[in-house]
Amino acid sequence: SGIDPKKMKGRIKGDFKNMIIQQRQVSKLTFDLDYFAGDVKGLVNGSGNFGSVQLTPTILNLFGENPSYTVFINTNKLDLSKILLNDEMASNLTMNGNVKGQGFNPGTMNATFNGNFSNARMYDFSVDKLGVALNYRRGDVNGTVIGSGDFGKISIKPNVRRLLSNNPSYLANVTTENLNLARLLSNDSLPSNLNLTFDVVGRGFDPKTMNAQVKLEALPSSFRGENIEQLLTDINYGNNNIDVNSLLLNTESITLSAEGNYSLVANSELNLNLDIANASELSKILNVDSLEAKGSLQARVFGRMDSLQAIVDFRLDSTRFQSYTASTLSGKIDGLVTPNDTLINAGIFAGNVFAAGFALDTVKLQAVSDIRSTDLTLEADGEEVKANLSGNVNLREELLVRLDDLMLDYKGSDWELIEPPATVRIGKNEYEIG
């Protein structure tokens, strides 16, 4: 009365060449499988425009509640994009590994995967060696992933509980040795040598409901030519809020610290402090030559995303930029950013200034701007030169400079604006002085 698969036995062999299976080009496919009362053993080989794959499966008690299985896997230059018909999955994977387990139901199965990849590429990442050892047990996952190459070395140790639930919990430890992001990401603008350790602990993956904590520590490292002596961070994310418990960065000439919170839906409050021993690293970051300075900067950022305010106080001593020098440079900048506008109110003071051949005891600048239009007031006082001026610079469709007031005393000779305002308008193809 029919065939009972639990009792039957048989053998299936096949040898196919030059096939197209739903756009997949298969140059050769061979298989030799033995079946005996629910047990399967054999060998499968396939090759084509996707590379080559060899599978050696052993399945016991296939029709039981908890079948056990072992599959040895070997690939050579495997391109997943050709198999999955998805160009974003372009790869070149050469590996040998195995899958061992019991059961196929994700909620109850137990399985392990061990694989060793060599000269592998996936997306824009390339590794000389990659070792993967993962354990899956009824929705829990843990293991180790270690990759190395001309980019350095990365080690990842994940541990995920209740992966299939709506609210999985997880922790991961990541370490890097001599990590060069330029090589890893194929981006020459990111040369680095990073020696980092960071830990992630969290629950959930939905940004709206997840909670996570990230702690990072950097041993002596470098990024884009700048040496990092120390980097420590402790950051929490939850309820659409980023809590910066602490952040500390030390380089050869800069110390940066920060603490506070940044909210995506409510009020934020971030405080930053920057100490500058010298400007050698700043000049490289800003890509400017002949910059010298030392001093400090304090910044406070607060408000909501649709109305974010920043107040910056700074003081620099012994400042030099090319031929301009000042013994003291200090000021306060107050900015407000909204969806429709950006408003800035700045006051800057400079002492003992030498510029364009003139020596000035003090220079005071006050500016109020919405980026497109800026009101300026300048006061300069020196032994040979004294000046006061006020006006406006408008950067809308055309450049309009308006001078409302001007008084200049140079070596006892006085000049002043007789009939204000004086204007200069510069259009696309014309200019006008009035």
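## Exercises on a predicted chain

At 47% relative accessibility, Arg183 counts as partly exposed, and this value, like those that follow, belongs to a predicted model.

**Exercise 1.** Work out where Arg183 sits in the chain and which residues it touches beyond its sequence neighbours.

*Solution.* Begin with the secondary structure, where Arg183 is placed in helix 2. Next, take the class of its exposure: partly exposed covers the range between under 20% and over 50%, and Arg183 is counted there because its relative accessibility is 47%. Then look for partners, leaving out residues up to four places away in sequence, and Arg183 is found to touch Asp150 and Phe151. Finally, compare the two separations for one of these partners: Arg183 and Phe151 are 32 residues apart in sequence, while their C-alpha atoms are 5.1 Å apart in space.

**Exercise 2.** Describe the largest nonpolar core and say which element gives the most to it.

*Solution.* The first step is to count its members, and the largest nonpolar core has 24 residues, with Phe117, Phe151, Ile154, Leu179, Leu181 and Leu184 having the most contacts inside it. The second step is to ask which elements supply at least two residues each, and these include strand 5 (68-78), strand 7 (110-122), helix 2 (181-184) and strand 16. Strand 5 gives the most to this core, with three residues. As a third step, follow Phe151 outward: setting aside residues up to four places away in sequence, its contacts are Ser126, Val127, Asn178, Leu179, Asn180, Arg183 and Leu184. Apart from this core lies another, of 13 residues, among them Tyr69, Met109, Val160 and Tyr170.

**Exercise 3.** Decide whether Glu226 and Ser390 are buried or exposed, and list what each of them touches.

*Solution.* The cut-off for a buried residue is under 20% relative accessible area. Glu226, in strand 16 (residues 226-238), is therefore buried, since its relative accessible area is 13%. Ser390, in strand 26 (residues 385-395), is likewise buried because its value is 19%. Leaving aside residues up to four places away in sequence, Glu226 touches Ser221, Glu281 and Lys284, whereas Ser390, counted with its neighbours within four places left aside, is in contact with Leu376, Thr377, Arg402, Leu403, Asp404 and Asp405.

**Exercise 4.** Find what is unusual in the backbone at Asn61, at Ile371 and between Pro420 and Pro421.

*Solution.* Start from the general rule that most residues other than glycine have a negative phi, and most peptide bonds are trans. Asn61, in the loop between strand 4 (51-60) and strand 5, has a positive phi near 60 degrees. Ile371, in the loop between strand 24 (358-369) and strand 25 (373-381), has a positive phi of about 75 degrees. The peptide bond from Pro420 to Pro421 is cis, with omega near -5 degrees, and Pro421 lies in the loop between strand 28 (413-416) and strand 29 (422-426).

**Exercise 5.** Compare the radius of gyration of the chain with that of a compact globule of 434 residues.

*Solution.* A compact globule of 434 residues would have a radius of gyration near 22 Å, but the chain has 33 Å. To see the dimensions along the principal axes, note that its C-alpha atoms fill a box of roughly 120 × 50 × 40 Å. The chain holds three helices and 30 strands, and buried residues make up 30% of its 434 residues.

Conventions: Residues are numbered from 1 along each chain as its sequence is written. This is a predicted model: local features need pLDDT of at least 70, side-chain atom pairs count only at pLDDT 80 or more; totals for chains, interfaces and linings use all residues. Side-chain values use heavy atoms; hydrogens and water are left out. Helices (H or I, at least four residues) and strands (E, at least two) are DSSP runs, numbered from the N terminus. Buried means under 20% relative accessible area, exposed over 50%, partly exposed in between (1.4 Å probe, protein chains only). Contact means heavy atoms within 4.5 Å. The radius of gyration is taken over C-alpha atoms; the globule rule is 2.2 Å times the number of residues to the power 0.38. A nonpolar core is a set of buried Ala, Val, Leu, Ile, Met, Phe, Trp, Tyr and Cys residues joined through side-chain atoms within 4.5 Å.
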